[in-house]
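Hi,

Here is the structure I promised to pass on. Have a look at it first, and then read my notes underneath.

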Amino acid sequence: MKKILSFVLVLAMLMLGAAFAEDGKVTATGVGQGIEGDVVVQVTADATTLYDVQVLEQNETVGIGSVAVEQLPGAIVAANSIAVDGIASATVTSDAIKTAVEQALVSAGIDPAPFKVKPEAAAGERTPETLACDVLVVGAGGAGLTAAVRAKQEGATVLVLEKMPMVGGNSVKASGGMNCAGTKFQEAAGITDSGVREFVEDTMNGGHYLNDLGLVATMAINSSDAVDWLDSIGAPLPKVAATGGTVHKYLHSPEDGSPVGRYLVEKLSQEAERQGIEILLNTKATEILMADGAAVGVKAESAEHDYTINAKAVILATGGFGANFELMCSFNPSLRNAVTTNTPAATGDGILMAEAIGAATVDMEKIQLHPTVYQETSMLVSEKMRSLGSILVNQEGKRFCNDLSTRDAVSAAELEQTGGYAYIVFDQNLVDNNKSAKEYIAQGMATQADTYEELAKAIGVDEATFAETMATWNAAVAAGEDAEFGRNNGMDADLSTAPYYAIKIAPGIHHTMGGIKIDTGTEVLSTDGSVIPGLFAAGETTGGVHGGNRIGGNAVCDFVVFGRIAGANAAAYALAQDVAPAA
Ligand code: ADP
């Protein structure tokens with residue numbers, strides 16, 4: 001009877017495509033649905049072990065699905081589990097292989113349940129993974145997200161690596177706005193004196209004429225298109241105001257007054273998601289892969305994997321190095337004890353990786369201090385607070401400079417005051433018109449009082465001197481002239497609406513102006529001045545745009561304009577690789 005039963009079972013399995021191998025192992029086939037049709041897999045297993053998995057038939061996309069075909073069978077056998085991670089950029093093919101393996105097990109009369117348990121990753125042990133794409137973007141801050149969306153719009157397959165568990169980088173902290181010239185929003189507001197020429201002049205002047213003029217002009221000329229493009233992906237910036245260091249009105253921000261960085265990162269992420277762009281979080285690029293002098297991918301690591309990522313073009317969008325004290329102090333040792341407004345991720349990885357393959361850097365020693373940083377939490381108090389009318393007052397209760405001069409000038413003036421700090425003072429009218437101000441108050445950063453004297457007393461400043469300073473300032477606003485320090489913007493409203501507020505601030509490390517040397521097409525240049533084929537860079541990881549000092553609102557313009565250029569040019573470079581050379 002037993003013999004008859006096993007004969008029937010063997011017959012049934014043979015009919016289902018299974019065949020006995022030696023030692024009680026069974027070999028069977030299964031089928032899954034890939035992108036380009038059936039994926040047929042052959043499995044050899046017994047009840048407890050997967051011995052062999054082979055893809056017999058498939059027609060998946062070369063460089064994407066084919067990577068899963070190469071990688072996944074081995075990973076399944078090594079893990080003795082179907083529940084391994086799929087190949088990130090080839091999920092359909094990965095799922096097809098897993099389905100086919102499961103079906104083959106069923107055909108073999110083996111219960112697949114034990115093989116569907118996720119293998120526990122051994123601590124510290126990473127498995128190798130190989131991925132492929134047209135354009136690989138390293139870093140998912142403002143520049144990286146912009147470049148990724150743009151490259152995808154041009155028809156490239158795009159993969160983004162982000163070493164942090166979230167996107168946004170330093171960009172998400174940008175609170176002011178985006179400087180742009182010649183925009184439809186300026187036109188609508190009747191602003192005619194703040195065009196491309198003035199933008200270039202102000203940026204060069206703010207950067208002490210140490211900027212790369214070609215990059216500055218490229219940024220300014222493309223800024224209006226960049227604003228239109230943001231509008232086209234659902235991120236309009238219709239409000240226009242003046243920024244620090246200039247009387248011109250370039251600073252574009254969201255309608256509802258929300259901080260520009262958070263707003264743009266959210267909109268760009270939504271667009272990336274809508275376009276199906278894959279972002280591998282917690283995945284850090286460690287090395288640029290080169291072949292015949294061209295960048296062809298990166299090595300990267302996550303908790304689970306050692307990645308080899310093959311790409312036709314690589315965009316470095318890894319941000320600056322304002323949180324890498326060792327690197328900063330190698331250029332300026334006096335920064336050792338300064339606070340930084342930067343994300344801990346701003347360690348200059350892209351710069352170091354690029355240097356390792358021969359890229360040139362510029363202006364590395366030019367590190368910007370922002371004058372209004374709340375030292376207890378390193379929270380930046382936006383320049384916009386001064387554009388809207390706030391003033392800076394020292395411990396003696398006096399103003400001490402043109403509060404809206406360039407960041408380096410205001411920071412230097414502050415460091416000369418008693419204790420090296422100051423107070424930024426504002427009123428209820430300003431709070432009513434600015435979301436950031438409300439947040440600073442909610443976070444307990446501000447001291448509040450109903451009269452000037454009470455506020456002075458609360459912050460330990462001479463009451464009469466402070467009240468006189470405020471009266472003088474309100475009179476200057478009324479007269480439209482700051483006789484004391486020649487401030488000529490942010491004077492549309494006085495500070496006479498109680499209650500009054502003061503936040504104690506001092507300079508903090510904010511932006512690293514230097515970085516990878518690029519041309520106006522965002523191609524990375526080598527130390528001998530030649531282009532490194534296949535390698536592009538955009539955003540704070542690059543140097544040259546801001547010269548000796550970045551003006552407020554230009555970081556956002558930098559990342560949107562050059563992120564777009566990098567995305568488009570990297571896509572074009574990558575797609576050109578597909579075109580066979582003429583015979
Ligand atoms: P930018 O304004 O130029 O876009 P950000 O600081 O906003 O600069 O963004 C840079 C992003 O790059 C950050 O999210 C940061 O975590 C990420 N990043 C930095 N180094 C690496 C790396 N080695 N691999 C992957 N992502 C990185």
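**Around the ligand**

An oxygen atom of the ligand sits 2.6 Å from an N or O atom in the side chain of E162. Do keep in mind as you read on that this is a predicted model.

The backbone joins in too: a polar backbone atom of N170 is 2.8 Å from an oxygen atom of the ligand, and a backbone N or O atom of A317 lies 3.5 Å from a ligand oxygen. On its own the ligand has 580 Å² of accessible area, and the protein covers 97% of that. Two elements, α4 (142-153) and β11, each give two or more residues to the shell around the ligand.

How many residues surround the ligand? There are 25, and the closest are A143, E162, N170, S171 and E540. By type, the shell splits into 11 polar, nine nonpolar and five charged residues.

**Helix α10**

The other thing I looked at is helix α10, which runs over residues 349-356. Its buried residues are D349, G350, I351, M353 and A354. So what do they pack against? The partners of these buried residues are four strands: β11 (284-291), β13 (305-316), β14 (361-362) and β21 (515-517). You'll recognise β11 from the ligand shell, where it gives two or more residues.

One last detail to look for: after α10 comes G358, which has a positive phi, near 100°.

Shout if you'd like to go through any of this together.

Cheers

Note on methods:
Residues are numbered from 1 along each chain as its sequence is written. This is a predicted model: local features need pLDDT of at least 70, side-chain atom pairs count only at pLDDT 80 or more; totals for chains, interfaces and linings use all residues. Side-chain values use heavy atoms; hydrogens and water are left out. Buried means under 20% relative accessible area, exposed over 50%, partly exposed in between (1.4 Å probe, protein chains only). Contact means heavy atoms within 4.5 Å. A residue is near a molecule or strand if one of its heavy atoms lies within 4 Å of it. A polar contact is a pair of N or O atoms within 3.5 Å; within protein, one must be able to donate a hydrogen and the other to accept it, and residues adjacent in sequence count only if both atoms are side-chain atoms. Accessible areas come from the Shrake-Rupley method with a 1.4 Å probe; for residues, only the protein chains shown count as cover. Ala, Val, Leu, Ile, Met, Phe, Trp, Tyr, Cys and Pro count as nonpolar, Asp, Glu, Lys and Arg as charged, and the others, Gly among them, as polar.
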